[in-house]
Amino acid sequence: MYLSLQNRLVAHVRAFLKQKYEIDLTNIVVEQPPKIEFGEFALPVSFELARTLRKAPRKIADEIVAEMTLPEGFAKFEVAGAGYINARLDRTAAAAMVAGGVKNEAAEARGKVLVEHTSINPNKAAHIGHLRNSILGDTLVRLLRAAGYKVDVQNYIDNTGVQVADVVVGFERMAKKSKEEIEALIAGSEGRFDFYCWDLYARVSQWYEADKANLQARRDTLHLLEVGGNETAEIAQKISMAVLRRHLETMQRLDIEYDFLPQESDILHLHFWARAFELLKEAGVLYFEEEGKNKGCWVMTRPGNVKDEGAEAGPDEDAKVIVRSNGTVGYVGKDIAYHMWKFGLLGLDFGYRKFYEYADGRPVWISCDPKDGEAGAPHFGGVGAIYNVIDARQSDPQETVKQAILLMGHEAEAARYTHFSYEMVALTPRCAMELGYAVSEEDQQRSYIEVSGRKGFGVKADDLLDKLIEAAKSEVDARHAELSEEERREIATQIAIGALRYFMLKFTKQSVIAFDFREALSFEGETGPYVQYAVVRASNIFRKAGVDPEDALKAAIAADAFAGNDDLWSLWLAAGQTAKVIEQCIASTEPAALTKHAFQLAQQFNNFYHKHHILTEEDAGRKALLLATAAVVRKELIATMAVMGIPAPAVM
RNA sequence: GGGAGCGUAGCUCAGUUGGAUAGAGCAUCUGCCUUCUAAGCAGAGGGUCGCAGGUUCGAGUCCUGCCGCUCCUACCA
């Protein structure tokens with residue numbers, strides 16, 4: 001509602017200014033006044049016009065208000081302060097829009113985009129840092145879908161990298177496990193093979209540190225994985241696919257799903273890089289360095305590092321090496337090939353086969369050789385816009401890939417290449433010590449310590465979720481003894497998901513999260529359960545009243561329902577802003593605003609809940625209005641929570 | 001050295017493309033459960049928005065310079 005009316009207002013004002021002053025303002029600022037008494041919209045446009053018109057802002061505002069007609073749905077314009085133009089809505093009409101769920105016209109049938117997130121190295125259990133990635137990514141997917149985009153969700157599988165090689169080294173050289181023993185371990189491990197790998201991976205890192213000569217095992221293994229067609233590569237694939245399955249299961253617990261899993265091994269074996277290399281050379285994006293420290297490498301000029309015209313100071317030592325002097329390609333090169341495929345610029349494609357299936361029967365597809373692909377499989381890639389949810393430490397390589405695409409002349413694609421960058425999740429020193437890790441004196445002085453899969457230092461995603469469910473379960477047990485064990489567990493799980501997803505979303509993405517159990521396990525204050533609880537309270541009213549919330553929304557609203565009732569109206573106004581918040585979140589690629597919206601709405605509702613006792617209201621008309629208010633807030637809260645992937649429990 | 005980001009209440013953080021009196025949560029203190037469930041509500045205290053200049057009708061927000069912290073910058077991935 002709010003967004004539609006705001007767009008209508010802006011268009012109206014713009015047309016008026018054009019006609020009255022012959023000024024075409026393309027960016028008319030609209031704010032929400034600090035207090036509801038001032039109206040629903042505030043236009044500081046007079047301040048901006050003051051200079052060009054050489055008049056006092058207040059005078060301009062007076063002129064505009066005196067002459068401008070009211071757009072549909074608006075009740076009044078008035079001048080306030082030093083020259084603000086405040087606009088008041090026809091509250092009854094606007095409320096009908098909220099209750100009727102008027103669609104955001106701009107959100108009709110937008111194009112197809114691709115979101116890549118998660119992309120955890122398949123060699124160990126997912127930890128809290130990965131959770132932030134997946135929750136941000138999944139929320140971005142939900143935001144885009146809510147705004148009318150078609151979205152393909154990809155989870156990139158680096159199954160031939162150093163990290164997988166390391167854990168393979170662990171199995172072959174340290175644990176001395178045969179292929180059969182590893183298979184038995186995958187089948188056993190009580191469904192937590194990734195936990196076994198977590199510990200083994202940490203041991204391998206220690207083994208390397210103990211004797212640098214052990215690093216030769218990594219190099220040999222990495223080579224075997226890249227070449228393929230040997231037993232080590234087979235073992236690696238078994239391990240990485242088993243860990244990948246665990247990752248999918250972990251994320252499924254949080255209602256996070258994927259469409260396609262491209263594997264790095266296929267990018268290698270299908271020669272994506274060879275094709276990309278040709279195209280990059282043809283376009284002159286890569287050049288062969290003849291001298292300096294990068295002699296013998298194929299390199300690329302860094303973004304913003306254009307060569308000076310006059311000063312010929314030898315080789316560009318700052319250039320990014322894409323192909324090493326021994327002829328092997330680094331991972332950025334493979335990434336460039338992969339991203340050319342994403343945009344459909346490579347002229348090659350994967351084959352597709354089913355890998356995993358969700359409860360509703362929807363499959364997750366994985367890449368393969370096209371000759372092994374399933375008939376009738378969908379095709380991925382070749383989209384117009386992409387979002388890569390990758391942490392801030394990878395900004396540099398992400399820029400390099402984007403730059404390569406730009407330099408090849410694909411300006412439109414480069415412009416729609418979004419690196420959704422976010423900061424890491426770290427542990428507070430106190431949390432690290434509680435978990436039993438040794439923390440140096442120096443680290444104890446820091447506000448946070450980076451988690452490290454390599455060192456086995458961190459909180460595993462499944463462990464955190466288990467802990468949250470356990471904490472929520474004891475609360476539910478205490479409050480709902482009448483429910484079955486199964487029902488209580490179901491509700492505790494929903495609360496845990498709400499708490500976790502909200503926690504990961506409430507910080508803006510560029511802020512480092514210093515993880516602490518006390519905060520993460522909190523169900524009070526600005527948390528997911530607080531928002532869920534507001535919905536439960538609203539639902540309780542309808543259950544006890546024996547009224548369907550959908551029917552409550554259909555009740556006719558009296559013309560004077562909101563006259564002199566700012567508190568009630570501000571609740572409707574807040575509820576009508578969901579579409580606007582979603583658009584803002586997409587435009588700024590910042591989902592944190594969603595949590596703010598949900599929290600404020602829940603907070604206002606709790607206030608309303610406390611102030612008005614609906615079931616005992618005797619005036620039938622007033623009772624209907626209060627019920628409609630509860631229904632509209634409930635509806636918008638559930639919708640907002642759904643975009644955040646937070647379920648609405650039946651009771652709490 | 002170069003690049004990116006951060007610095008706002010005791011703590012953790014919000015603060016839209018510059019706008020009306022800088023906001024939440026936690027913690028502390030004071031009240032409120034025979035009521036639609038207190039995972040809640042009401043209230044109190046707590047701020048030189050890192051420092052110094054500048055731009056303008058107006059700066060937490062933009063520019064410049066400092067101070068402090070973090071990450072990135074390897075023929076690792």
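A polar contact is a pair of N or O atoms within 3.5 Å; within protein, one must be able to donate a hydrogen and the other to accept it, and residues adjacent in sequence count only if both atoms are side-chain atoms. Keep that in mind for RNA strand B.

This is a predicted model, where local features need pLDDT of at least 70, side-chain atom pairs count only at pLDDT 80 or more, and totals for chains, interfaces and linings use all residues. Residues are numbered from 1 along each chain as its sequence is written, chains are lettered from A and ligands numbered from 1 in the order written, and side-chain values use heavy atoms, without hydrogens or water.

Now the contacts. A backbone N or O atom of Met652 sits 2.2 Å from a base oxygen of RNA strand B. Asn86 puts a polar side-chain atom 2.9 Å from a base nitrogen of the strand. For Glu519, a side-chain N or O atom is 3.5 Å from a sugar or linking oxygen of RNA strand B.

Next, the wider surroundings. RNA strand B has 64 residues around it; near means a heavy atom within 4 Å. Of the strand's atoms that come within 4 Å of the protein, 62% belong to sugar and phosphate.

Which helix gives the most to this surface? H25, with seven residues. Helices here are DSSP runs (H or I, at least four residues).

H25 has a partner, too. H19 and H25 pack at about 120°, axes 7 Å apart. Axes are lines fitted to C-alpha atoms over the stretch in contact, with angles from 0 to 180 degrees between N-to-C directions.

Key:
Helix = DSSP H or I, 4+ residues; strand = E, 2+ residues; numbered from the N terminus.
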